[in-house]
Amino acid sequence: MTAVDPALRATRTACPYCGVGCGVLATPDGRGGAAISGDPEHPANFGRLCSKGSALGETLGLENRLLYPMIRCSKGSMERIAWTDALDHVAHRLQHIVARDGPRAVAFYLSGQLLTEDYYVANKLMKGFIGSANVDTNSRLCMSSSVAGHRRAFGADTVPGVYEDLDEADLLVLVGSNAAWCHPVLFQRMLANKQKRGARIVVIDPRRTDTAGDADLFLGLKPGTDTALFLGLLAHLADTGALDRGYIENHTSGFDDALARARSIAGSAAATALATGLSEQDVAAFFQMFGRTPRVVTLYSQGVNQSAQGTDKVNAILNCHLATGRIGKPGASPFSLTGQPNAMGGREVGGLANQLAAHMGFTPPEIDRVRRFWKAPRIATHEGLKAVQMFEAIARGEIKALWVMGTNPAVSLPDADSARAALKKLELFVVSENVVSNDTVNAGAHVLLPAQAWGEKSGTVTNSERRISRQRAFLTPPGETRPDWWIVSEVAKRLGFGAAFDFHSAAEIFREHAALSAFENNGGRDFDIGALRSLSDEAFDTMAPVLWPLRLGDTEPQQRFFSDGGFFANDHKARFIAPEVPALRTETTAGRPLRLNTGRIRDQWHTMTRSGTSPRLGQHLPEPFVEVHPDDAARHGVVDGGFARVVTDYGQCILKVLVSERQQRGMLFAPIHWSEATASSARVGALVAPFTDPFSGQPENKATPASITAYEYVFRGFALSRAPLELPDHVWWARVTVGGGHGYLFADNADLTGWSSWLRSVAGEDLAEYRDFGGGVYRAASFAVDGIETCLFLGPARDAGDWNVVKDLFAAGALSDDQRRMLLSGKSMDGLASAGPVVCACFGVGRTTICDAIASGARSAAELGQRLKAGTNCGSCIPELKRLIAQADVAGAATESERRRLEAASN
């Protein structure tokens, strides 16, 4: 915990990670940092934070921060310039390109990390004043299939339920969601419901993730078959009299067609089992649980959304809730788990290319309404290009100018190598960022504009349950950083639109946003926060978290939608959708016999721009990896702990191998987080096929045909340094932030003798070395002020030294004489035993410590929590604690069996 001056007060703000929208208390320490804790009064988390949120205080440093505007000079390097010059240049180039090629030649690519006020101003400028709808966001990669599904079914992008439903449901169905890792605060609410009320949990996922560890039923279906499963459920509900006929007749249309389609694809439990690869017994059990449980919440996330059939998957789920009337009622609703902190806010303002503003689309009446409200001179009249199509248009030369704000598309887009190559073709490439270097910046940005980061900026965000929260500043903005809304507004003024962008505060923008939501609404649109349109600056500063809608005249917000109908189509009815026959867009072949699934890991976020700067978050899974089933590992000659080359038609990576029976046969899994800035060969986005959903435009990130082959490295090792290192080109490496500096885990096949020369080129003069070239071992360290300045450990796979021991010595600062003498042994020493790889990131509890506690009698996760605190904060490590206990039980049973065998033999 950071030491805090008692005179400094805590600021209530919101977490900048996922869509749960947790409240955070941030208390500045007076030195640019802050102590972080959960806000016990925030209704999203009631004081609980996940490992990432708990570590926010470690991510506030200024290393690698972009502090001043920069422009690429004629020599190709980036040089600092004045704000006025940077803004003038951006405005002049945009004006020139629009005049020459038209408004569709320019585009903005935004981020779910932006505040609603930033989003609003950017969307207003492009769609209302430049006249193009080429405004899209990285949220397209996250939840756009849910948006499309909502709009098809409900007539609007409406989330019907609230988080309280997770406490009140009797059945929780998680589809394509590893909530235990990706939404752990909400998952702990679900587990609390299970423990207190006996709620049952069903997990539907091709991978047996940690979320499945607490499931009453796990359905490991084939990839791409979610639609078939829920079509089969709809047919079952009809056949067993579980439909709400009154709700269907009074509040919906299209049911007969949807049911007919369901019967034709998965008309029975047996047919559903055949389509999904599940057992008929498990399918029937799920159908019965759903059919007999009125209070059911179906939660879905990236496994549903990130698909070329994602919208159909969403609508297949929504069909089942509409057919039973289980929507908008306490403990009964479909629920989309949003990935980003303000993807919902972006949806509210129109930050997607197929939306206009304030949940309005591109119908003539809506275009006219927004035009009149904005007094827009050249409003966009047609949808723009969605993310993948936008970058394809850049590659074709149709889009000449791009402004990227707060995201890293050169890493996160599918077919990321092509996306990165496209960026180099732009005439104007502007990036608003917190960091001076990442893969997107390094793809050839012409202008860098320094944006304020979390803790410095102020505005609002909206979470997955439609709750608007204030994100407040508690740090002084460094350098010349500015809010994104200010940057966009200044460019707008230079384009001649000063009157419409004369904003002086986030509160002023929020009031306009709220007023637009209520403009000519009269209950015809779901998004309405008209009651907040006259909020004073002081009231905005102190605004408590609030659900929408909150219409003019309302004293309390509406909690839920659709329990009594009231949908947002012209006839006020919901639409049942008859999905297409589910089919993946690609086929496996002899050359690509496996399918690659991609996703997140527990302690990292997106491309690690923020989370990667925390030492504790880098310790759980520090290296990029590919997970493979034991049968596939044996078939393709890869081994646990070794390396493998993963190849698709779009790219290749070299990744550490993790063999696990939790992975489905025929499938690979690789996390998305590593970039060219953090690893040598792990840009997994470069492997992903760019096929997209026809309705949402969301790419299919979960099923790219791939091959895997072993890749051998003779040597393994690690380096630690107070300053960043540039390792030799022949090395496979992954960078890890550690206490006091930078860590690098690496593998290599080059001659050891070259490492000595390399180290001498980067290390200080006080250098100690241990050489055993015949045994394949080289270890060395340089020292400064009694501590390690730089060290390098290299050897055969099992003899490279103990990373955890040396890392702790490096972080400790000054070494004793004995520690210095023993350092190059790379082994534990008295008083500094290795705790092993971190399992509980919240409290820094290592695997060895946990296993020791298990060996001394701790037989449950609760007991481990009492002894070590592990698992007592966010709970996301509890499944791993349970596995370690189970492994100890198996090992103990095997030992006991062997003892009895030996006793019997001796008798």
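1. In this predicted model, strand β18, which covers residues 467-471, is joined to strand β19 by 2 bridges, and the two strands run antiparallel. A specific contact can be picked out here, for Arg 467 has Leu 547 in β19 as its bridge partner. As background for a reader new to sheets, strands of a sheet pair through backbone hydrogen bonds, and the pairing is either parallel or antiparallel.

2. These two strands belong to an open sheet of 3 strands, whose order is β17-β18-β19 and whose pairing is antiparallel. The edges of the sheet are taken by β17 (459-462) and β19 (546-547), and because each of them has a single partner strand, one side of each is left without a neighbour in the sheet.

3. Turning to the aromatic rings, the count of aromatic pairs comes to 33. One of these is formed by Trp 548 and Phe 561, whose ring centres are 6.4 Å apart and whose planes meet at 65°, so the pair is edge-to-face, given that planes over 60 degrees apart are counted in that way. Both residues lie in the loop between β19 and β20 (574-575), and the pair therefore ties together parts that are 13 residues apart in sequence.

4. Are Trp 548 and Phe 561 buried or exposed? Trp 548 has a relative accessible area of 1% and is buried, while Phe 561, at 3% relative accessibility, also counts as buried; the cut-off behind both statements is a value under 20%.

5. A further edge-to-face pair is made by Phe 643 and Trp 732, with 4.8 Å from centre to centre and 70° between the planes. This pair links distant parts of the chain, since Phe 643 is in strand β23 (residues 643-647) and Trp 732 is in strand β28 (residues 732-738), 89 residues apart. Phe 643 counts as buried at 4% relative accessibility, and Trp 732 counts as buried at 2%.

6. The rings of Trp 548 and Phe 561 are also part of a cluster linked by ring pairs, and the other members of this cluster are Phe 154, Phe 527, Phe 562, Phe 567 and Phe 568.

7. Finally, there are places where a charged group meets a ring. The charged end of Arg 152 sits over the ring of Phe 695, at 4.2 Å from the ring centre, and in a similar arrangement the charged end of Arg 207 sits over the ring of Phe 669, at 3.6 Å from the centre of that ring.

Technical notes: Residues numbered from 1 in each chain as written. Predicted model: local features only at pLDDT ≥ 70, side-chain atom pairs only at ≥ 80, totals over all residues. Heavy atoms only, no water. Pairing = 2+ DSSP bridges. Helix = DSSP H or I, 4+ residues; strand = E, 2+ residues; numbered from the N terminus. Phe/Tyr/Trp six-rings, centres within 6.5 Å; stacked < 30°, edge-to-face > 60°. Buried < 20%, exposed > 50% of the residue type's maximum accessible area, 1.4 Å probe, protein only. Lys NZ or Arg CZ within 6 Å of the ring centre and 35° of its normal.
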